[in-house]
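Please look through the structure shown here, with its aromatic rings and its helices in mind. The paragraphs that follow lead through these two topics in turn.

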Amino acid sequence: MDRKIVKIGLLGIGKMGQNHLRNLNLLKNVEVSFIYDVNKELLEKSAKEFDVYALQDESELENALQNSDGVIIVTPTFTHFDYIQKVSDHIKNIFVEKPLTDTLDTTQIIVDAARNKNLCIQVGFIERYNPAIAALRELLKNSPRIFSVDFVRTNKMSNRITDVDVVMDLMIHDIDLSLLFNGEAREVQAHGVVINGMIEYARAIITHKNGAFSTITASRITEKRIRQITATCEDMYIDCNLLSKEVLINKQTIEQHLHNISISSRSESIEVRPQEALLLELLDFSNMCRANSRDSQVSNTAPKNEIAPNEIDGQNAMKIANQIQNIIYTTHTKGIQ
């Protein structure tokens, strides 16, 4: 297998960008070709700490991309669309933190551009790489029938997230997982709490075409950090804690005592191997960059990875998120009239 050095640029070195930079430096045969951020003080500090080239001006971006195999965009959500458009004329492999863009219309434009320009886009739905999710997904795939999957994701409002509501900030992760587990949605219901013009608490029920239900709760007003998924299946009940990486299965057992029947539950713990989700996510992106590098003999040779989310996955999650937002904001507006 070709293990050529892959050169990847990084746009945005805030808190999440720093995590990307740290993990990129852990990958073998990967070189950070440049970093860029509008915060010049942070840019210089990071360049010195990680010994990487700092792009001083956005006007230099085109030249920097000519010497890169891929680029990672970890800038504020409202800038995603503009940056994708800027880099897509010069580079093929693009990683964008979730959500793909900040509106459904601009997401459609990017999906069309990806098709027309033969782009390879990966969206940062990092929970797909959580080892607990990998274990849960295998259990669900082997269950004869899934009745419902319930998601709860809460986090006290962060000062660094000011441009998106709780649906785009937190809930969209679980929207993506619900579609990964149960496929296309048939119906969406939702309600929520709007504070100062922003949705800060949301709850949605998605009815999937396969007959299963997903109930998704996201909150930025809850004083406890929760990342929990529970699944009710025909043959078991699954409890999955994404923070502790614990997956528990409860299965019904029937024991006969004399002429009576007693029903009890057997609990099993699934071993989850500790793995860095972001590292796995970036490994997938670097492999895509390697397969689709500028000097690759065949265009678009990377095999389809069912875990790595592309622009279509980003669009599918965005469609559901947009429906949820519209329902909640419409209900809120009617309630204050």
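**Aromatic pairs and a helix contact**

With a relative accessible area of 12%, Phe 181 is buried, since buried means under 20% relative accessible area. The model in which this residue sits is a predicted one. Phe 151 likewise counts as buried, at 1% relative accessibility.

The structure holds two aromatic pairs. In one of them, Phe 95 and Phe 285 meet edge-to-face, with 5.7 Å from centre to centre and 70° between the planes. Because Phe 95 belongs to strand β4 (residues 93-97) and Phe 285 to helix α8 (residues 277-291), this pair ties together parts that are 190 residues apart in sequence. Both Phe 95 and Phe 285 are buried. The rings of Phe 151 and Phe 181, in turn, have planes at 10° and centres 6.2 Å apart, so this pair is stacked. Here Phe 151 lies in strand β6 (residues 146-154) and Phe 181 in helix α7 (residues 166-182), so the parts that the pair ties together are 30 residues apart in sequence.

Turning to the helices, α4 (residues 80-88) packs with α5 (residues 104-117) at an angle of about 15°, and their axes are 10 Å apart. That angle makes α4 roughly parallel to α5, because angles under 35 degrees count as roughly parallel. The crossing of α4 and α5 is left-handed. On the α4 side, the contact is made by Phe 81, Ile 84, Gln 85 and Ser 88, while α5 contributes Thr 106, Ile 109, Ile 110 and Lys 117. Sorted by character, the residues of this contact of α4 with α5 comprise four nonpolar, three polar and one charged.

Note on methods
Residues are numbered from 1 along each chain as its sequence is written. This is a predicted model: local features need pLDDT of at least 70, side-chain atom pairs count only at pLDDT 80 or more; totals for chains, interfaces and linings use all residues. Side-chain values use heavy atoms; hydrogens and water are left out. Axes are lines fitted to C-alpha atoms, for helices over the stretch in contact, and angles run from 0 to 180 degrees between N-to-C directions. Helices (H or I, at least four residues) and strands (E, at least two) are DSSP runs, numbered from the N terminus. Angles under 35 degrees count as roughly parallel, over 145 as roughly antiparallel, 65 to 115 as roughly perpendicular and the rest as oblique. A crossing is left-handed if the near helix is turned anticlockwise from the far one by less than a right angle, and right-handed if clockwise. Contact means heavy atoms within 4.5 Å. Ala, Val, Leu, Ile, Met, Phe, Trp, Tyr, Cys and Pro count as nonpolar, Asp, Glu, Lys and Arg as charged, and the others, Gly among them, as polar. Rings of Phe, Tyr and Trp (its six-membered ring) pair if their centres lie within 6.5 Å; planes under 30 degrees apart count as stacked, over 60 as edge-to-face and the rest as tilted. Buried means under 20% relative accessible area, exposed over 50%, partly exposed in between (1.4 Å probe, protein chains only).
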